[in-house]
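This report walks through one protein model, from single residues to cores and a pocket. Keep the structure open while reading.

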Amino acid sequence: MGMLAPELIDSIPPNESPMTLLMQTLGPKRMQQFINTLSPLEAMMLNYEWDLFARLAQRPPRDDDWDTWIIMAGRGFGKTRPGAEQVIQWSKELGQEYGGGHIALIATNPLDARAVMLEGESGILACSPPWYRPLYEPSKKQLRWNNGVIAHIYSAEEPDQLRGPQHHKLWGDEPCKWKYPQETWDMAQFGLRLGIDPQALLTTTPRPIKMLLDLISDTERTRVT
């Protein structure tokens, strides 16, 4: 198997995996041949290369000039997985850039936070590789990575939980089901101001609520999948 050409290496975007790019350049037949040479441990490691398996619609916007990314689709599309994977990617970036950081995780209620965003089959804990799995501290309502990044867990049933805390990034799941969508979003936005590039990701089944429609109408700062 030949080496990647230097010009191809130089073309790898900073937010993409070199392994993914290598696999994609092989083609289906050579890719399968390569996989057949892997040990069980190596195959397990490859399984965590999300870029390799994500559909185009599950990938972040190509440009970085956005404040809010909305994944809006029906059940079965696969919204939770890119949400979890984005949080994992953010945690790595914040650790590298700031030596720590804060991410807000907002769910409809505490049960959904744990069952979907954290412990579900497409949640953060399931998607995290064993060598980069955060410590889940239910009593503190947070996930903690070894690089100093913390994800704080909030319920949209209590918007005032978000009064005061500040964050670099935010993942909100199913905002169309939130009990107080506008109040929760407003409180979250007040605190989304750390770092040079605060961003939010919303994953939701579509419903015509005002909070969502207002965000979608802001075509300059919002990207919609």
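In which strand does Ser155 lie? Ser155 belongs to strand β5. The model is predicted, and what follows should be read that way. Ser155 counts as buried because its relative accessibility is 3%, under the 20% limit for that class. A polar atom of its side chain lies 3.1 Å from the backbone nitrogen of Glu157. Leaving out residues up to four places away in sequence, Ser155 touches Ala107, Thr108, Asn109, Pro110 and Gln161.

**Helix α6**

Asn109, one of those contacts of Ser155, caps the N-terminal end of α6. A side-chain oxygen of Asn109 lies 3.1 Å from the backbone nitrogen of Leu111. The helix itself covers residues 110–118.

Which residues of α6 are buried? They are Ala113, Met117 and Leu118. Seen down the axis of α6, these buried residues fall within an arc of 75°, so they line one face of the helix. An α-helix has 3.6 residues a turn, so residues three or four places apart point the same way. The cover over the buried residues of α6 includes strands β2 (101–107), β3 (135–137) and β4 (142–144). It also includes β5 (149–155), β6 (169–173) and helix α7 (124–127).

**Nonpolar cores**

The largest nonpolar core has 26 residues. Val87, Ile103, Leu105, Ile124, Leu143, Trp145 and Trp171 touch the most other members. Two or more residues come from each of β1 (68–72), α5 (80–98), β2, α6, α7 and β5. Helix α5 gives the most, with 5 residues. In soluble globular proteins, nonpolar side chains tend to be buried together.

What does Trp145 contact, beyond its neighbours within four places in sequence? The partners are Val87, Ser91, Ile124, Tyr132, Pro134, Ile150 and Ala151. Apart from this core lies another, of 19 residues. Among its members are Ala104, Cys176, Trp178 and Ala188.

**The second largest pocket**

The second largest pocket has a volume of about 470 Å³. Its lining counts 19 residues. Arg75, Lys79, Thr80, Val116 and Glu174 lie nearest its centre. Helices α5 and α6 each supply at least two residues of the lining.

**Loop residues**

Glu174, one of the residues nearest the pocket centre, is also of interest for its backbone. Its phi is positive, about 55°, although Glu174 is not a glycine. Lys141 likewise is not a glycine and has a positive phi of about 55°. The table sets out where loop residues sit and how accessible they are.

| Residue | Loop | Relative accessibility | Class |
|---|---|---|---|
| Glu121 | between α6 and α7 | 77% | exposed |
| Lys141 | between β3 and β4 | 46% | partly exposed |
| Glu174 | between β6 and α8 (181–191) | 13% | buried |

Is Glu121 buried or exposed? Glu121 is exposed because its relative accessible area is 77%, and the class begins over 50%. Lys141, at 46%, counts as partly exposed. Glu174, at 13%, counts as buried.

How far apart are the C-alpha atoms of Glu121 and His168? They are separated by 26 Å. Along the chain, the two residues are 47 residues apart.

Note on methods. Residues are numbered from 1 along each chain as its sequence is written. This is a predicted model: local features need pLDDT of at least 70, side-chain atom pairs count only at pLDDT 80 or more; totals for chains, interfaces and linings use all residues. Side-chain values use heavy atoms; hydrogens and water are left out. Buried means under 20% relative accessible area, exposed over 50%, partly exposed in between (1.4 Å probe, protein chains only). Helices (H or I, at least four residues) and strands (E, at least two) are DSSP runs, numbered from the N terminus. The arc is that of the directions from the helix axis to the C-beta atoms. Contact means heavy atoms within 4.5 Å. A polar contact is a pair of N or O atoms within 3.5 Å; within protein, one must be able to donate a hydrogen and the other to accept it, and residues adjacent in sequence count only if both atoms are side-chain atoms. A nonpolar core is a set of buried Ala, Val, Leu, Ile, Met, Phe, Trp, Tyr and Cys residues joined through side-chain atoms within 4.5 Å. On a 1 Å grid over the protein atoms alone, a cavity is a set of points where a 1.4 Å probe fits but cannot get out, and a pocket is an open set with protein on both sides within 12 Å along at least five of seven lines; lining residues have an atom within 4 Å of a point. Grid points are joined across faces, edges and corners, and a volume is the space filled by probe spheres set on the points.
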